[in-house]
Every structure is written in C-alpha cells, then in structure tokens.
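Hi everyone, thanks for coming. Let me put the sequence and the structure up on the screen, and then I'll walk you through a few things in it.

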Amino acid sequence: MVRVAVTAWGTACFENDAATDWFLLVEEAVDPGEVIASALDTALGDPDYLGLDAACEAIAAAELSASSAGHAPDRLPDDVRRWVDGHPHRPHDSEIDQAILAVERVRAESELRELWDEDVDGRTDRWLAEIDDLIARLRHSGAGDPATLAP
C-alpha cells in the first residue's frame, strides 16, 4: 500500500487532491447527480477496505449534497461554491441517508481515517470535527421522500 502524508492536506472536505480531481468530473458531467451518487455508492458498496481515493470522493460527494441543499461550510473553495450556487438541489431523505452512511463508513474504517490517525501534527481531532459537522449538516438537508406517481 502506498502511503500519502496528510501533512500536505487540510482537514476540510476539498483540501486534498483526490477530492479536487473528482470535482472536475462533477463539473464536466452531463449528469452531475450521477457522479455524486456513484461516489457514495462506491463507498457503501465496496465490501473490501475502502481506499483513499474512494473515501475522499465520498466525503466530497456528501459535501456537495449538503452544500447544494443550502448547508455549505464556511471553508468551501470558491470554485465549488460557484458550482453549488448554480446547482441548488434539495436531496431526498434517501439520498441524505446514503450520504450519511458513506461518511460514517469513511470515518469508521478507511484508508483516509488511518492516515488521519497517523497524522503527526495532531490534526486528527480537527478532521473528525469536520466530518461530524458534515454529518450534522447532512441531517438538516433532506427534503422528505421523493414524489411518487399515482397509478
């Protein structure tokens, strides 16, 4: 396994290369919602150890969900904030539940969590606080269940 030092990273959701690279896919996508859902699906559907890139992408996808629903953090990068402002979306409860589960998995067991646990600068608590804040903002982002069509 290749080790990446988190000392070059920040604790916020988009302060790593994997998340910023993934965000480029979102910006260029015809259906950005599909890219977001795919990142969350990967985090939840991968039965193996959750790798670094998949974990970072899941956190970024969950952040886009919360931010698009009007619950953006103060430290959202300008390019991401511009995208969010142009793509408001009130995720349904099932989307929010999926995002929360993905974030909780990354927080509990992933290569990203391991790297933060090994951080020699003592920033693990700040990263965990960012993750807990994301989960709290997600919990305030749902729009109920999607409308169903009557037969």
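Let's start with one residue: in which helix is Ser-67 found? Ser-67 sits in helix α3. Before I go further, please keep in mind that this is a predicted model.

So, is Ser-67 buried or exposed? Ser-67 counts as buried, because its relative accessibility is 4%, and the cut-off for buried is under 20%. And what does Ser-67 touch, once we leave out residues up to four places away in sequence? The partners are Ala-72, Pro-73, Leu-76, Val-84 and Arg-137.

Now let's step back to the whole chain. There are 7 helices and 0 strands, so if you read the elements from the N terminus on, you get α-α-α-α-α-α-α. Of the 151 residues in the chain, 45% count as buried. As for contacts, take those with a separation of 6 or more: 72% of them come from residues 24 or more positions apart.

Next, a helix pair. Please look at α1, residues 17-28, and α2, residues 32-45. Their axes come within 7 Å and cross at roughly 145 degrees, and the crossing of α1 past α2 is right-handed. Which residues make the contact? From α1 we have Trp-22, Leu-25 and Val-26, and from α2 we have Pro-32, Val-35, Ile-36 and Ala-39. If you sort the residues of this contact by type, you find 7 nonpolar, no polar and no charged.

Keep α2 on the screen, please, as we turn to the largest pocket. How much space lies in the largest pocket? The answer is about 240 Å³. The lining has 14 residues, and the closest to the centre of the pocket are Gly-33, Ile-36, Ser-65, His-89 and Glu-95. You've met Ile-36 already, in the contact of α1 with α2.

Which elements give two or more residues to that lining? They are α2, α3 (52-68) and α5 (93-108). Of the elements, α2 gives the most, with 5 residues. By type, the lining divides into 7 nonpolar, 6 polar and 1 charged.

To recap, then: Ser-67 of α3 counts as buried, the contact of α1 with α2 has no polar and no charged residues, and α2 gives the most to the lining of the largest pocket. Thanks for listening, and I'm happy to rotate the view for anyone who'd like another look.

Conventions: Residues are numbered from 1 along each chain as its sequence is written. This is a predicted model: local features need pLDDT of at least 70, side-chain atom pairs count only at pLDDT 80 or more; totals for chains, interfaces and linings use all residues. Side-chain values use heavy atoms; hydrogens and water are left out. Axes are lines fitted to C-alpha atoms, for helices over the stretch in contact, and angles run from 0 to 180 degrees between N-to-C directions. Helices (H or I, at least four residues) and strands (E, at least two) are DSSP runs, numbered from the N terminus. A crossing is left-handed if the near helix is turned anticlockwise from the far one by less than a right angle, and right-handed if clockwise. Contact means heavy atoms within 4.5 Å. Ala, Val, Leu, Ile, Met, Phe, Trp, Tyr, Cys and Pro count as nonpolar, Asp, Glu, Lys and Arg as charged, and the others, Gly among them, as polar. On a 1 Å grid over the protein atoms alone, a cavity is a set of points where a 1.4 Å probe fits but cannot get out, and a pocket is an open set with protein on both sides within 12 Å along at least five of seven lines; lining residues have an atom within 4 Å of a point. Grid points are joined across faces, edges and corners, and a volume is the space filled by probe spheres set on the points. Buried means under 20% relative accessible area, exposed over 50%, partly exposed in between (1.4 Å probe, protein chains only).
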